[in-house]
Amino acid sequence: MNELRDDPEVLYGAAIALLIVVALTPAVGGMARLLGVVDAPDERRLNRRPIPRLGGLAIFLGIVVPALAFLDLTGEMRGILLGVAVACVVGAVDDFRGLAPLPKLAGQVVAASIPTAFGVWIDHFTFPFVGAVDLPGWVGVPTTVIWIVAVMNMVNFLDGLDGLAAGVCGIAGITFAVIALSLGKVDAAVLSAIVAGACAGFLRHNFFPARIFMGDSGALVLGFTLAAVSVVGLLKTASTVVLFLPLLVLAVPIIDTSFVVAKRLKYRQPISSADRSHLHHRFINIGFSQRRAALTMWAWTATLGAAALATRFIPFRQGGRWHAWETVAVAAIALVALAFSVYIVYLLEIVKLGNPRVRRRVAEREAQQRRTA
C-alpha cells in the first residue's frame with residue numbers, strides 16, 4: 001500500500017486505460033462492421049453469428065494514451081511503445097487482409113527487435129547456486145526477441161473464447177504490476193497496470209456473449225506488452241526467484257501453446273495451422289459453457305499469479321536461512337496452484353479419454369458441430 005501512495009500513477013494509468021477502452025470499443029466495433037472485418041461462424045470458431053474484430057485498436061489506444069501521460073519516454077519505455085505500435089499495425093493488417101505465416105512472423109520480429117535498440121534486452125540472468133551471469137548482446141538480444149515473439153503468439157493462440165485472453169492478460173498485468181512496484185520498477189509497474197485496466201475495459205464488451213473480438217491486433221499488442229514489461233520489470237533484477245515468475249504468471253498460455261504445438265508436430269501439421277485442439281476447445285468438448293470455461297481458466301491463472309506473489313512477498317528465505325512457517329505458507333499456496341494445474345490437465349487430457357460417457361459426449365458434440373457447420 002505504501003508503494004501505491006508513493007506512486008499513484010499505477011492506479012491512475014489503470015483507471016484511464018479502462019475508461020478509454022470502454023468508451024472506444026463500440027465505435028471500433030461499428031467501424032469493423034462497416035469495413036467487413038468480422039469473424040463469420042465456421043466449424044472451428046465458437047461464435048454462432050458474425051462478430052466484428054479489430055477490438056485491438058481500442059486496446060492499443062487504451063494502453064498508449066495513459067502511457068504517454070505517465071511513463072518516462074526518454075529510454076526503454078519509448079522503445080516499448082514504438083514496438084507496441086508496430087505490433088498493432090501487423091495485427092491490424094492481418095485482421096483486415098490476412099497475412100501468410102512468414103510475413104506475419106517477420107512483422108512480429110521487427111516489432112520485438114525495436115525495444116532491444118532502446119536497451120530492453122536480458123543482459124544478465126541470476127541462476128540458483130550460480131549467481132548473476134552476464135549475457136553478451138549477441139545472446140541477450142536474440143533471446144529477448146524470441147521471448148517477445150513467443151508470448152505474442154501464445155496470447156494469439158489463447159484468444160479463441162469470449163473474454164479468455166483479456167481476462168488472462170488482465171490477471172497477468174495485475175501480478176506484474178505488484179511485483180515490479182515492489183522491485184522499484186515504477187514505469188514497468190505503471191505499464192503493467194495500464195494493461196490490466198485496458199483488459200478490464202475490453203471485457204465490458206468481450207465477455208460472453210461477446211459483442212466484439214480483439215483480433216490479432218489486440219492479441220499481439222497484449223502479448224508484446226506483457227513480454228516486454230516482464231523483461232524490464234522482472235528479468236533484469238538480481239533476484240534468483242524473480243527469474244521464474246514470468247514463466248509462472250504466463251503458464252496458462254505457455255501450456256496451451258505447448259500442447260497445441262506438440263500435437264501439430266506429432267501429426268506433422270504446420271504449426272501455424274488452425275484447429276480445435278486448444279485448451280478452451282477441449283473445455284467446450286467436455287461440456288463446459290464458454291462462460292464456465294473462461295472463468296475456470298481465469299481461476300487457474302489467478303492461482304498461478306498468487307503463487308508468484310507469495311514467492312515474491314513471503315520471506316521464506318532471508319539472510320541465507322530458511323524460515324519454517326513462511327516456507328510452509330509458500331509451499332501451501334504453491335501446492336494449490338499445482339493441484340489446480342494437475343486437475344485441469346487430468347480433466348482435459350485423461351478423463352475424456354478414460355471415461356466412456358465423456359468420450360461419447362465429446363463425439364456427439366463434434367458430430368453436432370459438423371452438422372451445424
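**Figure 1. The whole structure holds four salt bridges.** A salt bridge here is a side-chain nitrogen of Lys or Arg within 4 Å of a carboxyl oxygen of Asp or Glu. Side chains of opposite charge can pair when their charged atoms come close. A heads-up before zooming in: this is a predicted model, in which local features need pLDDT of at least 70 and side-chain atom pairs count only at pLDDT 80 or more, while totals for chains, interfaces and linings use all residues. Residues are numbered from 1 along each chain as its sequence is written, and side-chain values use heavy atoms, with hydrogens and water left out.

**Figure 2. Arg 53 reaches Asp 39 in a salt bridge.** The gap between the two side chains is 2.5 Å, N to O. Arg 53 sits in the loop between strand S2 (51–52) and H3, and Asp 39 belongs to strand S1 (residues 38–39), so this pair ties together parts that are 14 residues apart in sequence. Helices (H or I, at least four residues) and strands (E, at least two) are DSSP runs, numbered from the N terminus. Is Arg 53 buried or exposed? With 16% relative accessibility, Arg 53 counts as buried, and so does Asp 39 at 9%. For this and the later views, buried means under 20% relative accessible area, exposed means over 50%, and partly exposed is in between (1.4 Å probe, protein chains only).

**Figure 3. Lys 104 and Asp 94 pair up between two helices.** Their side chains form a salt bridge at 3.1 Å, N to O. Lys 104 comes from helix H5 (residues 101–116) and Asp 94 from helix H4 (residues 76–96), so the pair ties together parts that are 10 residues apart in sequence. Both partners are buried.

**Figure 4. Lys 104 also has a salt bridge to Asp 216.** The closest N and O atoms of this pair are 2.3 Å apart. Here the link runs between distant parts of the chain, from Asp 216 in helix H9 to Lys 104 in helix H5, 112 residues apart. Elsewhere, Asp 39, Arg 53 and Asp 95 are joined into one network by salt bridges that share partners. Back at this view's pair, Lys 104 is buried at 14% relative accessibility, and Asp 216 is buried at 12%.

**Figure 5. Asn 156 and Asp 216 carry a "binding site" annotation in UniProt.** The annotation comes from an unreviewed entry. Why can one view hold both residues? They span 61 residues in sequence, yet no two of their C-alpha atoms are more than 6.4 Å apart, so they gather at one spot. UniProt positions follow the numbering used here, feature names are shortened, and annotations may be inferred rather than shown by experiment. Asn 156 is part of helix H6 (residues 137–158), while Asp 216 is part of helix H9 (residues 215–235). Asn 156 is buried, with a relative accessible area of 13%.

**Figure 6. Here are the neighbours of the annotated pair.** What does Asn 156 touch, leaving aside its neighbours within four places in sequence? Asn 156 is in contact with Lys 104, Asp 216, Ala 219 and Leu 220, where contact means heavy atoms within 4.5 Å. On the same basis of skipping residues up to four places away, Asp 216 touches Gly 91, Asp 94, Asp 95, Lys 104 and Asn 156.

**Figure 7. Two buried cysteines appear in a structure with zero disulfides.** A disulfide is a pair of cysteine sulfur atoms within 2.5 Å. For Cys 199, the closest cysteine sulfur is in Cys 169, at 5.2 Å, which is too far for a bond. Cys 199 is buried, with a relative accessible area of 1%. Cys 88 is buried too, at 5%.

**Figure 8. Confidence is lowest in helix H15 and highest in helix H3, by element mean.** Helix H15 (residues 356–372) has a mean pLDDT of 57, and helix H3 (residues 55–70) has 97. pLDDT is the predictor's confidence in each residue, from 0 to 100. Over residues 350–355 pLDDT stays under 50, and the model has 10 contacts beyond four places in sequence for them. As a backdrop, the mean pLDDT of the protein is 85, with 83% of its residues at 70 or more. The protein comes to 15 helices and six strands, and 50% of its 373 residues count as buried.
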